[in-house]
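Subject: Structure for you to look at

Hello,

Here is the structure I promised to pass on. Please open it next to the sequence, then read the notes underneath.

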Amino acid sequence: MADIIFVLFTGFLTGITTIVFGFGGGFVVVPLVYHLVHASGGQPGQAMHIAVATSTAVMIFTAGYATLAHWRSGNLMRETLVPLIFYIGIGAAVGAFASSLLADGTVRLLFAIYMLVTIADCLFRPGFLVKPARAAFSKATLFIGGPLIGVIATLLGVGGSVMTVPLLRRHGHEMRHCVSSANALSIPVAVVGALMYVSLGWKEMPGLQYLGYVNLALLGLLVTSGIMGIVFAKRWLPKVNDRLHARIYVLLLIGVLIAISL
């Protein structure tokens with residue numbers, strides 16, 4: 001019972017971080033599912049793969065609902081989505097396949113390294129905490145950066161927001177536009193990634209509670225409570241100014257790094 005309450009609370013928190021920071025759930029869900037599956041001992045050597053797959057599936061619903069909410073609020077901007085979204089989708093398929101080739105511990109280590117590098121980048125490289133002047137995407141950003149975001153996002157189950165938010169921020173966009181676009185850009189990652197994880201784990205995971213590597217019981221709890229968190233955040237949380245929004249974003253990244261490291 002305590003585990004269920006903890007999952008519901010985490011899902012609720014996931015919904016809040018999705019709508020406010022564009023996380024898509026991955027930074028909260030991956031550590032949670034990893035620890036639950038690892039502690040149960042039911043799927044030795046597969047805990048991180050299950051965590052990443054379940055997180056990716058959760059993002060279909062939470063990022064999708066958050067995107068709808070941002071669209072209704074007028075926060076979505078076409079220039080932050082097209083054509084970047086198509087290149088990210090291509091990279092997502094590659095990332096999911098690559099994850100199946102890596103050991104469980106390797107994926108967990110990559111997740112921690114990825115978080116550490118991102119935090120350092122946000123803190124020490126100019127252009128994130130203070131918004132620069134507006135700039136268009138270069139061809140290198142689209143042709144190289146887009147697929148790379150898709151690969152890393154699906155490989156680690158994080159939805160890509162930790163790359164897309166800093167990327168859009170450094171191109172001169174306000175945090176509210178970065179966050180809303182990060183949710184929309186997470187949808188192709190989530191859809192492609194979830195389908196790949198279902199296919200790759202189809203005969204690997206026993207029991208009716210699994211669809212490939214996706215844990216259906218945890219998926220249902222996390223999606224339900226996640227949508228409740230989105231509704232709560234939209235209705236009750238106060239608006240914050242742009243610079244404070246960016247600083248809180250970095251603090252949350254630090255918190256997630258600590259959680260997965262422990």
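Below is what I found, from the overall fold down to single residues.

Please keep in mind that this is a predicted model.

Overall fold

The protein has 10 helices and 2 strands. Along the sequence the order is α-α-α-α-α-α-α-α-β-β-α-α. Its radius of gyration is 17 Å, and the globule rule gives 18 Å for 262 residues, so the protein is as compact as a globular protein of that length. Along the principal axes, the C-alpha atoms fill a box of roughly 50 × 40 × 30 Å.

Contacts tell a similar story of chain parts brought together. Take the contacts with a separation of 6 or more: 83% of them join residues 24 or more positions apart.

Surface and charge

Buried residues make up 53% of the 262. The accessible surface is about 11,600 Å². Carbon and sulfur atoms hold 71% of that surface. As for charge, there are 16 positive and 7 negative side chains. The centres of these two sets lie 10 Å apart.

The cores

Which residues have the most contacts inside the largest nonpolar core? They are Val33, Phe111, Phe128, Leu222 and Tyr249, in a core of 67 residues. Helix α8, residues 175–200, gives the most to this core, with 10 residues. A second, separate core has 6 residues, among them Ala66, Ala69, Ile230 and Ala233.

Val33 is a good place to start looking. Setting aside neighbours within four places in sequence, Val33 is in contact with Ile50, Ala51, Thr54, Leu218 and Leu222. Leu222 is also on the list of residues with the most contacts in the largest core.

Ala190 in helix α8

Ala190 lies in helix α8. Is Ala190 buried or exposed? Its relative accessibility is 0%, so Ala190 counts as buried. Residues up to four places away aside, Ala190 touches Thr56, Met59 and Ile60. Ser55 is 135 residues from Ala190 in sequence, yet their C-alpha atoms are 8.6 Å apart in space.

Helix α7

Helix α7 covers residues 161–170, and 10 of its 10 residues are buried. Arg169 and Arg170 are among those buried residues. So are Ser161, Thr164 and Pro166. The buried set also includes Val162, Met163, Val165, Leu167 and Leu168. Just after α7, Gly172 takes a positive phi of about 90°. Most residues other than glycine have a negative phi.

Two loop positions

A cis peptide bond joins Val82 and Pro83, with omega at about 5°. Most peptide bonds are trans. Where does Pro83 sit? Pro83 is in the loop between α3 (47–73) and α4 (84–100).

Ser138 is in another loop, between α5 (104–124) and α6 (139–156). At 35% relative accessibility, Ser138 counts as partly exposed. Ser138 and Pro83 are 55 residues apart along the chain, and their C-alpha atoms are separated by 11 Å.

Where to look in the viewer

Val33 and its contacts, including Ile50 and Leu218, show part of the core. Then go to Ala190 and its contact Met59. End at the cis bond between Val82 and Pro83.

Best wishes

Methods:
Residues numbered from 1 in each chain as written. Predicted model: local features only at pLDDT ≥ 70, side-chain atom pairs only at ≥ 80, totals over all residues. Heavy atoms only, no water. Helix = DSSP H or I, 4+ residues; strand = E, 2+ residues; numbered from the N terminus. Rg over C-alpha atoms; globule rule 2.2 N^0.38 Å. Buried < 20%, exposed > 50% of the residue type's maximum accessible area, 1.4 Å probe, protein only. Contact = heavy atoms within 4.5 Å. Areas by Shrake-Rupley, 256 points an atom, 1.4 Å probe, with all protein chains shown as cover. Lys, Arg positive; Asp, Glu negative; His and termini not counted. Charge placed at Lys NZ, Arg CZ, Asp CG, Glu CD. Core = buried A, V, L, I, M, F, W, Y, C linked by side-chain atoms within 4.5 Å.
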